[in-house]
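Let's take a walk through this structure together, beginning with the overall picture and then moving in on a few spots. Keep the 3D view open as you read.

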Amino acid sequence: MIGIVVVSHSFSLARAAVELATEMLHDQQVRIEIAAGLDATTLGTDAVAVAQAIAAADSGDGVLVLMDLGSAVLSAELALDLLAAPHRVRLCGAAIVEGLITASVCASGGAGLDEVASEAENALLGKRTQLRSSPTDSGEAGEPVGGGEPASEGGGGASDDLEAAVAVFTVENEHGLHARPAARLVTELRGCRAKVRLRNLTTGTGPVSAASLSRVAALGALAGHRLEVSATGLDAQAAVARVIGLAARRFDEIAEPEMSVSASGPTGPFPASPGIGIGPAWPLVSSEFDIPQQPTGTLDDEWARFAQALATVQTEITAASRRAGSASGIFEAHLLLLEDEELLDTVRREIDTGTSAAAAWAGALDAAAAEVQQLSDDYQRTRAADLRAVRDQVLGSLLGHVRETVSSVGVVIARDLTPAQVADLDPASVIGIILAQGSSTSHSVILARASGIPAVVGAGSWVLEVVAGTTVALDGGTGRLVVAPDGSTLAEFETLAAEQRARLRADAAAANQPATTLDGVEVHVAANIASVAEAVAAKVSGADLAGLVRTEFLFLGRDHAPDIDEQEHAYLGIAGALEGRRIVLRTLDVGGDKPLPYVPQRAEANPFLGVRGIRLTLERPQLLRDQLTAIGRVAADNPVSVLLPMVTDLTELQAVRKLLADTLPQAANLEVGIMVEVPATAAKTAAFADHVDFFSIGTNDLTQYALAAERGNDAVAALADPLDPGVLRLIDMVCRGAGNARVAVCGEVAADPAAVPILLGLGVTELSVAPPSIPTIKAAIRQLDLSVCIRLATHALQCGTAAEVRRALSNADAHVG
Ligand code: PEP
Ligand code: MG
């Protein structure tokens, strides 16, 4: 017997139709599957669900698919491409209720697919015939699309008391005049006294009544089609004008985000730090110093002034580093520069020959920056920016320059900002950041996110031309940026901002509650932290645990490693602040790009591919032994897990296990997990599964390694999207290979509410994010239905690009039409 699939935007509608149809059947039941709604209450259709329903309905004799309108048809068509095995499938144009009843009855009698399809398609004949003979027939009710009713021409044939009007417009909606814009049109004309018709001039379809949703949707008006709107009767001209106005507004459909108002290139701006920022532009120009060549006093005075300036800047940078919390390591290089013997010797020599301290310092730093800049290596270029940043900071102090700050509320616009500059920004007055360059995983942006300042990056150099004081509006969650927005755009941004504020308040109020999906699955939302202060913030923000404690904060910015007691004290502080919640302590993740002065390493051409993370600490087992000892002490009285960074090979894990057994025989129960940051590790997850308690996917590194796009390099920022289907497939591999081990995600993508459904759908059960993001992520989880997430994730894995995945996500909750 053939099977039947009902595809509808509404689950309740489909279920009611099936109930009605099965009522008509007697003994013989027919297999009817439903693929309707995104969940029990959310309207939408999903091609993956349709494909699954087809597979489930087919007992070998074929499947008839009945659809309601718009995207239901598109999803059914797409489903045919997604079917894993061949099936005989017929997409049927019948009306869903009448068609389903007829098809069910016919199929239950044993008819084949062709016969059932043809019966279903004729299911409306009876009703049509009956209505045609009805005295109330308006002459239009049964008229098929394309029936040839002539459109009224401007004034032609109109009687004296009738107005007539006609106009032509082009459909600009991306997906044409599908159900949602069609519904908007019908609503717009409700109550209108004129008779309004539409004709699709491109296809020759129509005219049809613009008051009929099904007729308008059936016009098949796609993007770029030219449509004629005509009206007769009272207010005809006004009616046509309304339709033209509506068409110009794309039938009030929300347009794709405007990427910019100027020629910034096809790639930017990129979303970097979520939130809405509206306010006057505050372009930050790089400081120009008037550098004196002669010293102001004796040589010793000059040197003393210089030493004082260095000390001041050291204090400033240390303070910025403290404010930076988990990103404090960013300032490591800056502090080291202030102590760089070679640089200081050069400056001293210059001062001794009668050059001013400012000129000597500027000369030394410029020479060093020029040297590394020439190497055209990304890492080296980053260091050149650091050199320039510290140069300016010391010069500012020496010359008494007040550093340019945002002194009133505004949106900072800059070519790029150093981490120190971002750490200096006061979130109370800086309501947004627009960077001409930069990437969303740069250190500056991580700091902006930690401070809750909305930001877009990679906007293009045109933003540097924006005149100070011009109103700008940015959406750091989407990358939308508008300079000098008009009234309605401004109102749109303000509404969004107000909504976000209200949402944040509500999310914060519920932050201490568990994050449970609509279908009852609890997801742990953890905190990424790197200090006791952040542990306190994590607790306040409702963290279920600390999913990633970056222990680097203890090791950077000093000339010797912290001893066991110091480490124990720091970890105990974190455990205490989290009041009994589990803390996941990651062993030292430095090396390569983050060198430690007391761990000499060979220079590496590709530090990110070099001796970092577990590779380094296994080379220096005493470092690891001490850290594990400290962790073991804390674990005696607190729930603690150990997390190993950059694991690539099972032997690394086994070596740490052995070290643990030798060092801490009493801590046999200590939970051990590995970071999944290397694509090969993701691909062979199953090989690790029996040896770990959990996996934590570090999508920041996994993305850069999978896509060969360095995380700090703005030139490849567009490529480095963790929602790239290639990266999602790696996450999928981890979830499938993990066996009984838990799977967490602790990279930045876990804090992207748009990505959460996909991560959960792939099988991730813990998300670890910066403390300020916890309430939002918990709230996002509470809106989700895991079964829908699974469908979305399955669909995302089939996509070809990250943009396609993001489009599917943004359409998922409003997929009508
Ligand atoms: C990651 O790589 O995603 C991660 C969380 O580690 P880090 O950002 O500290 O390298
Ligand atoms: Mg990492």
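The secondary structure of this predicted model adds up to 31 helices and 24 strands. The chain has 817 residues, and 50% of them count as buried. If you look at contacts between residues at least 6 apart in sequence, 72% of these join residues at least 24 apart. On the outside, the chain exposes about 35200 Å², with carbon and sulfur atoms supplying 53% of that area.

Now go to ligand 1. Its surroundings include Leu-548, Arg-550, Arg-586, Met-675, Glu-677, Thr-699, Asp-701 and Arg-711. Sorted by class, the shell has 5 charged, 4 polar and 3 nonpolar residues. Two elements, β18 (545-550) and α26 (699-707), each give at least two residues to the shell, and α26 has the largest share with 3 residues.

What do the polar contacts look like here? A polar side-chain atom of Arg-711 sits 2.8 Å from an oxygen atom of ligand 1, and one of Arg-586 sits 2.9 Å from an oxygen atom of the ligand. Thr-699 takes part through its backbone: an N or O atom there lies 3.1 Å from a ligand oxygen. As for cover, ligand 1 has 290 Å² of accessible area on its own, and the protein covers 96% of it.

Two residues of that shell, Glu-677 and Asp-701, also turn up at the magnesium ion, ligand 2. Their side chains are its protein donors, OE from Glu-677 and OD from Asp-701, at 2.0 to 2.1 Å from the ion. The pair links distant parts of the chain, 24 residues apart: Glu-677 is in the loop between β21 (671-676) and α24 (679-683), while Asp-701 belongs to helix α26. Both Glu-677 and Asp-701 are buried.

Next, find Met-646, in the loop between β20 (640-644) and α23 (650-663). Is Met-646 buried or exposed? Its relative accessibility is 1%, so Met-646 counts as buried. Leaving aside residues up to four places away in sequence, Met-646 touches a list of residues that includes Asp-589, Phe-608, Arg-612, Tyr-705 and two members of the ligand 1 shell, Met-675 and Glu-677. The C-alpha atom of Met-646 is 9.7 Å from that of Val-611, although the two are 35 residues apart along the chain.

The backbone of Met-646 deserves a look too: its phi is positive, about 60 degrees, although Met-646 is not a glycine. Asp-235 also has a positive phi of about 60 degrees without being a glycine. You'll find Asp-235 in the loop between β8 (226-232) and α9 (236-248). At 29% relative accessibility, Asp-235 counts as partly exposed. For another backbone detail, check the peptide bond from Gly-206 to Pro-207, which is cis with omega near 5 degrees. Pro-207 is part of strand β7 (residues 205-209).

Last stop: Asp-46, in the loop between β2 (32-36) and α2 (47-57). Asp-46 has a relative accessible area of 13%, so it is buried. A polar atom of its side chain lies 2.9 Å from the backbone nitrogen of Val-48. Not counting residues up to four places away in sequence, Asp-46 touches Leu-38, Ser-75 and Arg-791.

Technical notes: Residues numbered from 1 in each chain as written. Chains lettered and ligands numbered in written order. Predicted model: local features only at pLDDT ≥ 70, side-chain atom pairs only at ≥ 80, totals over all residues. Heavy atoms only, no water. Helix = DSSP H or I, 4+ residues; strand = E, 2+ residues; numbered from the N terminus. Buried < 20%, exposed > 50% of the residue type's maximum accessible area, 1.4 Å probe, protein only. Contact = heavy atoms within 4.5 Å. Near = heavy atom within 4 Å. Polar contact = N/O pair within 3.5 Å; in protein donor to acceptor, adjacent residues only side chain to side chain. Areas by Shrake-Rupley, 256 points an atom, 1.4 Å probe, with all protein chains shown as cover. Nonpolar A, V, L, I, M, F, W, Y, C, P; charged D, E, K, R; others polar. Donors = N, O, S within 2.8 Å, 3.2 Å for Na, K, Ca; no water.
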